[in-house]
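Let's take a walk through this protein, starting from the overall fold and working down to individual side chains. Have the 3D view ready to rotate as you read.

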Amino acid sequence: MFKSLLSFAWLFEGVYAEREGPRHLRALRSLQPKEDDAFEHNYLYACLSILDSKAQALLSYVGILIASASISLSIFPRTVTAGSVLVFSSLACSGMAAALCLTVIWVHWTDTSDLERSDELFLKLLSIRNKRTVGYRLAWAMAQVATVLLLLGIILERRL
């Protein structure tokens, strides 16, 4: 499992290259009972909604990490120690994770001209989903790193 995490394959799982987008769209259309663009549109927007929900939850978690790191730094002595550097690094990682979460939950509305060119719309939505998926996964990984840094920093500071 650790080896698969280091390969970064998890980051791009389910993210399709532009050349694979039309194939994905054809496969998606084959699942619907009739030739109707509403199925693809609803499916892709459901994917974006799932990413929005997950990013909101992660943003709440990152907010707790930021508060914890800030409180920890305010309790530590004013001198720079290895523990305080780790906690500050946790704070920086948490801030970057929060910024990535905010890009994931950016609002995207389909306008009329998009609906008139449905194939282009679906490829555009698929591209948006792919970018947001990678952004969410990076934010999630940064939040995990921030958690470990925060815990190590507090433990190290308490031992000194």
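What follows goes from confidence and fold to one helix, then the cores, and then a few residues worth clicking on.

Before anything else, keep in mind that this is a predicted model. The average pLDDT for the protein is 85, and 86% of the residues score at least 70. Confidence varies by element: helix α1 (residues 2-6) has the lowest mean pLDDT, 58, while α4 has the highest, 95. Where pLDDT is low, the predicted coordinates should not be read in detail.

Now for the fold. The protein has six helices and zero strands, so the order of elements from the N terminus is simply α-α-α-α-α-α. Of its 160 residues, 36% are buried. The exposed surface comes to about 10,100 Å², and carbon and sulfur atoms supply 66% of that area. If you take the contacts between residues at least 6 apart in sequence, 81% of them join residues at least 24 apart.

Helix α4 is a good place to zoom in. It covers residues 82-104, which makes 23 residues, and spans 33 Å from first C-alpha to last, close to the 33 Å expected at 1.5 Å a residue. Which of its residues are buried? The list is Gly 83, Ser 84, Val 87, Ser 90, Cys 93, Ser 94, Ala 97, Ala 98, Cys 101 and Val 104. Several of these names will come back as contact partners below.

Next, the nonpolar interior. The largest nonpolar core has 20 residues, and Leu 58, Val 62 and Tyr 136 touch the most other members. Helices α3 (37-75), α4 and α6 (118-159) each supply at least two residues of this core. The biggest contribution is from α6, with seven residues. Apart from this core lies another one, of nine residues, including Leu 25, Leu 44, Leu 48 and Ile 128.

Two of those well-connected members deserve a closer look. Leaving out residues up to four places away in sequence, Val 62 touches Ser 94, Ala 97, Ala 98 and Ala 143. Of these partners, Ser 94, Ala 97 and Ala 98 are among the buried residues of α4. Tyr 136, for its part, sits in helix α6. Is Tyr 136 buried or exposed? Its relative accessible area is 15%, and the cut-off for buried is under 20%, so Tyr 136 counts as buried. Beyond its neighbours within four places in sequence, Tyr 136 is in contact with Leu 51, Lys 54, Ala 55, Leu 58 and Val 104. Also check Thr 103: this residue is 33 residues from Tyr 136 along the chain, with their C-alpha atoms separated by 8.7 Å.

Further along α6 you'll find Leu 150. With a relative accessible area of 7%, Leu 150 is buried. Its contacts, not counting residues up to four places away in sequence, are Leu 65, Ser 68, Ala 69, Ser 72, Val 87 and Ser 90. One of those partners, Leu 65, is 85 residues from Leu 150 in sequence, yet the two C-alpha atoms are 8.0 Å apart in space. Val 87 and Ser 90 are again among the buried residues of α4.

Helix α3 also has residues facing partners later in the chain. Leu 73 is found in this helix and is partly exposed, at 23% relative accessible area. Setting aside residues up to four places away in sequence, Leu 73 touches Ser 84, Val 87, Phe 88 and Leu 91. The C-alpha atoms of Leu 73 and Leu 91 are separated by 9.5 Å, with their positions 18 residues apart along the chain. Ser 70, another α3 residue, is partly exposed too, at 35%. The C-alpha atoms of Ser 70 and Leu 91 are separated by 7.3 Å, and the two are 21 residues apart along the chain.

Finally, the cysteines. How many disulfides turn up in a search of the whole structure? The search finds zero. Cys 47 counts as buried, at 14% relative accessibility, and Cys 93 is buried at 14% as well.

Methods
Residues numbered from 1 in each chain as written. Predicted model: local features only at pLDDT ≥ 70, side-chain atom pairs only at ≥ 80, totals over all residues. Heavy atoms only, no water. Helix = DSSP H or I, 4+ residues; strand = E, 2+ residues; numbered from the N terminus. Expected span 1.5 Å × (residues − 1). Buried < 20%, exposed > 50% of the residue type's maximum accessible area, 1.4 Å probe, protein only. Contact = heavy atoms within 4.5 Å. Areas by Shrake-Rupley, 256 points an atom, 1.4 Å probe, with all protein chains shown as cover. Core = buried A, V, L, I, M, F, W, Y, C linked by side-chain atoms within 4.5 Å. pLDDT = per-residue confidence, 0-100. Disulfide = S-S within 2.5 Å.
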